[in-house]
Amino acid sequence: MDLVVVSNRVSRGNPNEPMTGGLAAALLPVVEQSGAIWVGSPDQADSGGLKESSVEKLGRGKLVTLDLPAEHFSRYYKGFANSALWPTLHSRPDLIDISDLDYFSYREINAIVADGLLQFRNHTTFWVHDYHFLPLGAELRKLEIERKVDIKKTVGFFLHTPWPKPATIRCLPYHVELIEAMLAYELIGFQTDEYRQNFIDYVGPDFGSMIENSVVISRCGRRTRCGVFPIGVDADKFAQYSEQAVSHPFVSSLRNSLNGGKLAIGVDRIDYSKGLDNRVKAFDHLWAEQPRSISLLQIATPSRSDIKAYRDLQSFVADLVRDVNLRHGAKDWTPIRYHNEGFSQSVLAGLYRTAKVGVVTPLCDGMNLVAKEYVAAQDPNNPGVLVLSKFAGAAKELDGALLVDPYDIEEMSHVISRAISMSPYERSSRWNRMIERLRGYTIQQWFSDFVVELENIQAEKTAGKSISRDIGAPSDSKPTSEDDAAETSSHSDLPRRLLYLVGDVPAGVPVEDLTSIVGAGWTHGLQPAPGRVVDALNRIDALPRPFRRTPHFYIHGYAYSAGYGGTTKPTPNNPLGVAVYLIPRLKGG
C-alpha cells in the first residue's frame, strides 16, 4: 500500500501490554494488516534536532519514529496542543493557558515533522491524524515551494476529537491562521456530522469560503472535502480477547471477589472531558438510595500530570473516591475499586465482560472507543448494559445504549439503577442492535473508506492534469499567447485591474494583471518571484504572509498567487522581508 500514516505517537502493539492512547490502539491493527508506513514520535523527545529515522517492521507495515527536539517538544505537546487546542476542541476554552512561545514551538514541530516526511516523497498518499498536526499539510505544501520538490501527494487529515461550535473556536489563539492552514488538506474527516457541520459553519462566514456538498472552496480556489468517518473497533477480536481473559489472574480474582454481586466499569484517562467527578457523584447518589446495589471498578489512568489542570483534577477525583468509599463502604465491601494503572486490551476485554454495566459518561468526546469495546466484549448469552453520555460521538451509533446527560447527577443515578435491574430480554435486545452495528462498520472498514476517498482524490487530480485544464487555465475571455497578452496589457508600471472574474476567483476578490510587469519571454510555472513582481505586489499591499490570503493575479493569461517562502533581507521594495514564490493556480489548488 502506497500510504504514509502520521500521528503524534506510534505503538509497537502487544495485546498483553497497556496501550499509550486510544488513537494508537485504533491505528495499530490496520497498519499491521494494510502494509502502510506509520510515522510518529517516541514517548520521549530527543535533546538534539531531527535525527535519522528509526524503522522497524509492524506486521505487513512499517513503524518509523522521528526523534523531535526537546527544546520545542514540551511547548508543542504540553503547551499549545494540550493547553490550548485540547480544551478548545472539548468546549473548555476557559482552561486555555499558553504563551506565544508555545504556539511558535507547535508550528516548529509541525515544520520539523514535514521535513522528516520528505523521505517518503515518492508515496502518493499521506494520512495525518489529530489536533497535534493541524498545520502539517500546509507545512508540506510550503516545502514543495521552498525546495522545489515535487512530492506528488494527496494529503488527508482525520480529527479524532470533537470540533466545537464556531463561537468556541474563535476563543482559540491563532485560530484564523491555524484553520486556514488546515485548508491545505484535500480531505478532512470528522467523527460525526455535527462536528463536520460545526467546521463548515466556521470556515464559511469567517473565511469567505464557498461550500458545495461539504466541499470547502477557499478564496484561493483550493478544494477541501469534509467527510464523516466514525471510527470503529475490531468487534470479533475483542470478543475473542474477552473469552480468553476469563482465566487471567486479575480477571478471575476480581470475579471471585464480587461474591455474586454486580459490577459496573468505567475506563478513562484522568481528563476533565471524561466527567469522572460527576460519575462518582452519580454512584454516590445511587448508594444513598440503594446501598450495595452494585460496585464500580474505575480504571483512571493518569494523563499529562505536568499540566496543572490535570494535576488538580487527579487530586480532586482521588479525594472524591476516598470520601465516597468512607461513607458507603464496609469491611467486606468497597464501593469504588479505583485503579490508576493501565491495562492491556486483552485484560480490559475480560473486565468488560465481567461488568454488567458499562459506564461511559464523558462531558464531550469525539467518539469514545471504550463504549464500543464494552459492547464487543459482552457475553452474547448474558450481555451487560451500556450507560452512555449523549455528548459522546458513539451515542450517534449505539442506539441500544441508555443515554444520559453527564451534567445531571440525579438522572445518571436513576439510569444506572435502571441498567442494574434491566430484564435479560431487554439487555439482549439492546445488545444485539449495537453489536450488529459494530460488526457492520469495523476499524478496518473505517480505514478503508478514508483511504479509498484519498485515492479517489488522487485519481481526479491525475485525470484533471492529463485531460483538461480546469481552474486557473486560460479561457476564451483571456489572452492565450504572449503576443496577444502584450497587445492587451497595460503599459503602466503598475498592475492593471482586470474587469472580469474567472472560475477560480470568488466574486469580490481583486484580480490583477502583471503581464506588463514581467514583459516578454516569460516561462510559466512555479518559481521565485522576480524583483519587479515583488515590487508590484508591495505597491498593492499583496506581499504574502504565512498562510494568509493573497489576491490572485494573471501573467500572460495564467492564474497565479503569491506564496510565502520564508524570510529574506528586507529592502525598500520588500519591507516585510519575505521570500515570494509565484504559484500557478491548478485544479483544486
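**Exercise 1. Find which backbone oxygen the side chain of N198 reaches, and decide whether N198 is buried or exposed.**

*Solution.* Keep in mind that you're working with a predicted model.

Step 1: Follow the side chain of N198 to its end, and you arrive at the backbone oxygen of W163, 2.8 Å away.

Step 2: Now place the residue. N198 belongs to helix α7, which covers residues 193-207.

Step 3: Look around it. Leaving out residues up to four places away in sequence, N198 touches W163, P164, K165 and P166.

Step 4: Check the accessibility. N198 has a relative accessible area of 4%. The cut-off for buried is under 20%, so N198 is buried.

**Exercise 2. Work out where T154 sits, what it touches, and which side chain it joins in a polar contact.**

*Solution.*

Step 1: Start with the element. T154 lies in strand β6, residues 154-158.

Step 2: Ask how much of it can be reached from outside. Its relative accessibility is 0%, so T154 counts as buried.

Step 3: List the neighbours. Skipping residues up to four places away in sequence, T154 touches T124, T125, F126, E186, L454, I457, Q458 and K461.

Step 4: Pick out Q458 from that list. The side chains of T154 and Q458 are joined by a polar contact of 2.3 Å.

Step 5: Compare sequence with space. T154 and A459 are 305 residues apart along the chain, yet their C-alpha atoms are separated by 9.6 Å.

**Exercise 3. Describe how helices α3 and α4 cross, and sort the residues of their contact.**

*Solution.*

Step 1: Find the two helices. α3 runs over residues 100-117 and α4 over residues 136-146.

Step 2: Look at their axes, which come within 9 Å and cross at roughly 55 degrees. That angle makes α3 oblique to α4.

Step 3: Add the handedness: α3 passes α4 in a right-handed crossing.

Step 4: Name the residues that make the contact. From α3 you get R107, N110, A111, V113, A114, D115 and L117, and from α4 you get L136, E139, L140 and L143.

Step 5: Sort them. The contact of α3 with α4 has seven nonpolar residues, one polar and three charged.

**Exercise 4. Do the same job for helices α9 and α12: are they roughly parallel or roughly antiparallel?**

*Solution.*

Step 1: α9 spans residues 249-257 and α12 spans residues 345-354.

Step 2: Their axes come within 9 Å and cross at roughly 15 degrees. Angles under 35 degrees count as roughly parallel, so α9 and α12 are roughly parallel to each other.

Step 3: The crossing of α9 past α12 is right-handed.

Step 4: On the α9 side, F250, V251, L254 and R255 meet V347, G350, L351 and T354 of α12.

Step 5: Sorted by type, the contact of α9 with α12 has five nonpolar residues, two polar and one charged.

**Exercise 5. Look at D130, N259 and D541: what is the sign of phi at each?**

*Solution.*

Step 1: Start with what you'd expect. Most residues other than glycine have a negative phi.

Step 2: Take D130. It isn't a glycine, but its phi is positive, about 75 degrees. D130 sits in the loop between β5 (125-129) and α4. With 6% relative accessibility, D130 counts as buried.

Step 3: Move on to N259. It isn't a glycine either, and its phi is positive at about 55 degrees. You'll find N259 in the loop between α9 and β11 (263-269). N259 counts as exposed, because its relative accessibility is 67%.

Step 4: Finish with D541, just after α19, where phi is positive at about 55 degrees. In α19 itself (residues 531-539), the buried residues are V533, V534, D535, A536 and L537.

**Exercise 6. Classify A309 by accessibility, then zoom out: how many helices and strands does the protein have?**

*Solution.*

Step 1: A309 is in helix α11, residues 308-328.

Step 2: Its relative accessible area is 28%, so A309 is partly exposed.

Step 3: A309 and Y272 are 37 residues apart in sequence, and their C-alpha atoms are 8.2 Å apart in space.

Step 4: Now zoom out. The protein has 19 helices and 22 strands. Of its 589 residues, 58% count as buried.

Step 5: Among contacts with a separation of 6 or more, 74% come from residues 24 or more positions apart.

Key:
Residues numbered from 1 in each chain as written. Predicted model: local features only at pLDDT ≥ 70, side-chain atom pairs only at ≥ 80, totals over all residues. Heavy atoms only, no water. Axes fitted to C-alpha atoms, helices over the stretch in contact; angles between N-to-C directions. Helix = DSSP H or I, 4+ residues; strand = E, 2+ residues; numbered from the N terminus. Parallel < 35°, antiparallel > 145°, perpendicular 65-115°, else oblique. Left-handed = near helix turned anticlockwise from the far one by under 90°. Contact = heavy atoms within 4.5 Å. Nonpolar A, V, L, I, M, F, W, Y, C, P; charged D, E, K, R; others polar. Buried < 20%, exposed > 50% of the residue type's maximum accessible area, 1.4 Å probe, protein only. Polar contact = N/O pair within 3.5 Å; in protein donor to acceptor, adjacent residues only side chain to side chain.
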